[in-house]
Amino acid sequence: MSLVLLGFLSIEVVSDAIAVRSWDATFDGAQPVRVRYDRDTNRFAAQDEVIVMMLDWNDYQRQLATTIAEIGRISPDTIRGYRGLADAGSKSGVLDGKTRELIALAVSVTRQCDGCITIHTDAAIKQGATREEIVAALSVAITVNAGASLVYSARVMDAYTAKTAEAKA
């Protein structure tokens with residue numbers, strides 16, 4: 001069994017299921033809700049009910065489109081400039097659309113951008129990306145982010161060495 005704390009949830013892996021508790025319940029002893037992932041419906045199920053995801057990604061994408069359209073009405077040059085950047089990379093033809101979207105998903109995770117995640121997940125699917133290809137791209141993001149943490153940990157140690165050397169002098 002392993003326990004992971006994610007923001008306001010704790011998740012325990014228990015054999016073929018996971019147990020989910022609210023953050024507060026983790027500390028006050030409340031019993032977790034045991035859920036399992038149903039691959040057929042692509043949902044987490046608890047007992048006979050489906051647990052709703054924290055974010056309705058389709059609705060969020062529609063909300064973004066509406067708000068970005070409003071920004072475009074107020075500042076059309078901003079949106080034109082963004083579109084120019086977005087379109088420039090695809091014009092080279094060096095990377096196909098699916099590869100570009102898989103990279104965009106990895107960067108979206110690294111930048112922690114929910115809007116990017118919903119837009120590029122949709123685009124990756126439309127470009128033919130499979131679930132397995134998306135997971136492979138995400139594993140690169142996980143690896144690079146872990147590596148970046150390791151590199152910056154070395155920077156902390158360097159800072160520590162510099163600070164303690166200064167104090168000794």
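**A buried glutamate and the helices around it**

Glu101 is buried, yet it has no salt bridge. The nearest side chain of opposite charge belongs to Arg100, and it is 5.9 Å away. A salt bridge would need a side-chain nitrogen of Lys or Arg within 4 Å of a carboxyl oxygen of Asp or Glu. The model is predicted, and that should be kept in mind throughout.

Where does Glu101 sit? Glu101 is found in helix 4. Beyond its neighbours within four places in sequence, Glu101 is in contact with His120, Ala123, Ala124 and Gln127. Two of these names, His120 and Ala124, return below among the buried residues of helix 5.

Take helix 4 next. Its 15 residues should span 21 Å at 1.5 Å a residue. The end C-alpha atoms are 20 Å apart, which agrees. Glu101 has buried company in this helix: Leu102, Ala104, Leu105, Ala106 and Ser108 are buried too. What do the buried residues of helix 4 pack against? They pack against helix 5 and helix 6. Just after helix 4 comes Gln112, with a positive phi of about 55°.

Now the disulfide. A search of the whole structure finds one. It joins Cys113 to Cys116, with an S to S distance of 2.5 Å. Is this disulfide right-handed or left-handed? The torsion about the S-S bond is about 70°, so the disulfide is right-handed. Are its two cysteines buried or exposed? Neither term fits. Cys113 has a relative accessible area of 23%, so it is partly exposed. Cys116 is at 28% relative accessibility and therefore also counts as partly exposed. The cut-off for buried is under 20%.

Helix 5 covers residues 114-126. Its 13 residues should span 18 Å at 1.5 Å a residue. The end C-alpha atoms are 18 Å apart, which agrees. Gly115, Thr118, His120 and Ala124 are buried in this helix. The buried residues of helix 5 pack against three partners: helix 2 (57-74), helix 4 (97-111) and helix 6 (131-168). Helix 5 is followed by Gly128, whose phi is positive, near 95°.

Last, step back along the chain to helix 3, residues 76-91. Helix 3 has 16 residues and reaches 22 Å from its first C-alpha to its last. That is close to the 22 Å expected at 1.5 Å a residue. Just after helix 3, Gly93 takes a positive phi of about 75°.

Methods:
Residues are numbered from 1 along each chain as its sequence is written. This is a predicted model: local features need pLDDT of at least 70, side-chain atom pairs count only at pLDDT 80 or more; totals for chains, interfaces and linings use all residues. Side-chain values use heavy atoms; hydrogens and water are left out. Helices (H or I, at least four residues) and strands (E, at least two) are DSSP runs, numbered from the N terminus. The expected span of a helix is 1.5 Å times one less than its number of residues. Buried means under 20% relative accessible area, exposed over 50%, partly exposed in between (1.4 Å probe, protein chains only). Contact means heavy atoms within 4.5 Å. A disulfide is a pair of cysteine sulfur atoms within 2.5 Å. Lys and Arg count as positive and Asp and Glu as negative; His and the chain ends are not counted.
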